[in-house]
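Got the viewer open? Let's take a walk through this model, one selection at a time.

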Amino acid sequence: MNKLYQKSEIWFAIIWIIIYVVGTSIVDGISQDYELNKIPTFVFHVMLCVIIICWMNKQQLFNNYGLCRANSPASKFLYYIPLLIIASCNLWFGMTMNLGITESIFFAGSMVCVGFIEEIIFRGFLFKAMAKDSIKAAIIVSSITFGIGHIVNLFNGSSDDPIATICQIIYAMAIGFLFVIIFYRGGTLWPCIITHSVVNALSVFADESNMTTQIQIITAAILTIIPLIYVIILNKTLPRRETNEKVL
């Protein structure tokens with residue numbers, strides 16, 4: 001792992017993305033085929049989290065990948081209120097038990113891990129590797145891939161509604177843009193990890209029984225506008241970073 005990282009950080013990030021995506025698909029299939037209540041998925045995601053944390057600790061890379069305090073006070077981030085609004089989005093229209101108790105626990109736990117893993121490998125590994133050549137390209141790729149990645153929901157059974165998936169892709173790009181700005185300008189990845197994990201975990205309790213197409217579009221618009229406005233504010237309130245990384 002260290003040799004690959006030292007040789008090419010981009011390929012290091014890509015390999016991690018492949019391991020995560022392929023591995024998750026395999027264990028999800030096992031969970032469904034053998035009715036194991038998401039236990040294999042949960043165990044796999046916990047294992048990835050442990051490996052990533054142990055490796056980063058050994059290499060002393062916590063600060064490099066944003067597992068540290070922000071370089072600005074909470075007031076500069078508007079006390080993270082916009083993130084709290086985003087984090088609560090799956091409860092806007094009520095709560096329900098979509099799964100059994102056991103499966104809900106393992107699913108929610110797995111989703112918390114996913115928030116950590118995805119932020120580290122996409123916003124951490126991939127963004128930081130690409131930023132060495134071009135900040136703008138790194139921001140664009142990080143934002144777009146975070147949104148486009150949700151198209152897999154059409155194929156993995158998470159969603160059979162194209163409109164809902166398109167809406168999700170649009171607002172996920174905006175949220176991805178916000179997350180990368182928080183990390184790049186704020187110096188911390190923790191707000192992104194926590195928000196991402198909460199959104200994921202609460203999705204198991206989301207009540208979508210009354211989600212019409214109109215409501216989906218309105219919700220997507222709100223979840224797109226809030227991040228974009230927040231980015232504008234953060235660009236004015238957070239100090240500009242001095243960096244040797246290249247821009248386009």
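Before the first click, one term: a residue is called buried when its relative accessible area is under 20%. With that cut-off in hand, select Ile182: its relative accessible area is 0%, so Ile182 is buried. You'll find Ile182 in helix 7. Keep in mind that you are looking at a predicted model.

**Around Ile182**

Now show what touches Ile182. Setting aside neighbours within four places in sequence, the contacts of Ile182 include Phe77, Leu83, Tyr230 and Leu234. Gly187, Thr188, Pro191 and Cys192 are also in contact with Ile182.

**Zoom out**

Switch to a cartoon view. The chain has 9 helices and 0 strands, so expect nothing but α in the run of elements from the N terminus on: α-α-α-α-α-α-α-α-α. The radius of gyration is 18 Å, close to the 18 Å given by the globule rule for 248 residues, so the chain is as compact as a globular protein of that length. If you draw a box along the principal axes, the C-alpha atoms fill roughly 50 × 40 × 30 Å.

How much of the chain counts as buried? That would be 46% of the 248 residues. Turn on the surface, and the accessible area comes to about 12,900 Å², with 66% of that belonging to carbon and sulfur atoms. Contacts are worth a look too: among those between residues at least 6 apart in sequence, 80% join residues at least 24 apart.

**The aromatic rings**

Next, colour the aromatic side chains. The count comes to 12 aromatic pairs. Start with Tyr5 and Trp55, an edge-to-face pair with 5.0 Å from centre to centre and 75° between the planes. This pair links distant parts of the chain: Tyr5 is in helix 1 (residues 2-7) and Trp55 in helix 3 (residues 39-59), 50 residues apart. Are these two buried or exposed? Tyr5 has 14% relative accessibility, so Tyr5 counts as buried; Trp55 has a relative accessible area of 8%, so Trp55 is buried as well.

Then move over to Phe146 and Phe179. Their rings form a tilted pair, 6.3 Å centre to centre with 50° between the planes. Here too, distant parts of the chain are linked: Phe146 belongs to helix 6 (residues 135-148) and Phe179 to helix 7 (residues 162-186), 33 residues apart. Both Phe146 and Phe179 are buried.

Stay on Phe146 for a moment and add Arg123. The charged end of Arg123 sits over the ring of Phe146, 4.6 Å from the ring centre. To tie this back to where you started, draw a C-alpha to C-alpha distance from Phe146 to Ile182: it reads 15 Å, for residues 36 apart in sequence.

One more selection among the rings: pick Tyr5, Phe12, Trp16, Trp55, Tyr65 and Phe125 together. These residues form one aromatic cluster.

**Last stop: the cysteines**

How many disulfides does a search of the whole structure find? The search finds 0. Why does Cys113 not bond with Cys49? Cys49 holds the closest cysteine sulfur, but the sulfur of Cys113 is 4.0 Å from it, too far for a bond, because a disulfide needs sulfur atoms within 2.5 Å. Cys113 is buried, with a relative accessible area of 11%.

Finally, select Cys89 and Cys167. The sulfur in Cys167 is the closest cysteine sulfur to that of Cys89, yet the gap is 13 Å, too far for a bond. Cys89 has 13% relative accessibility, so Cys89 counts as buried.

Conventions. Residues numbered from 1 in each chain as written. Predicted model: local features only at pLDDT ≥ 70, side-chain atom pairs only at ≥ 80, totals over all residues. Heavy atoms only, no water. Phe/Tyr/Trp six-rings, centres within 6.5 Å; stacked < 30°, edge-to-face > 60°. Helix = DSSP H or I, 4+ residues; strand = E, 2+ residues; numbered from the N terminus. Buried < 20%, exposed > 50% of the residue type's maximum accessible area, 1.4 Å probe, protein only. Lys NZ or Arg CZ within 6 Å of the ring centre and 35° of its normal. Rg over C-alpha atoms; globule rule 2.2 N^0.38 Å. Contact = heavy atoms within 4.5 Å. Areas by Shrake-Rupley, 256 points an atom, 1.4 Å probe, with all protein chains shown as cover.
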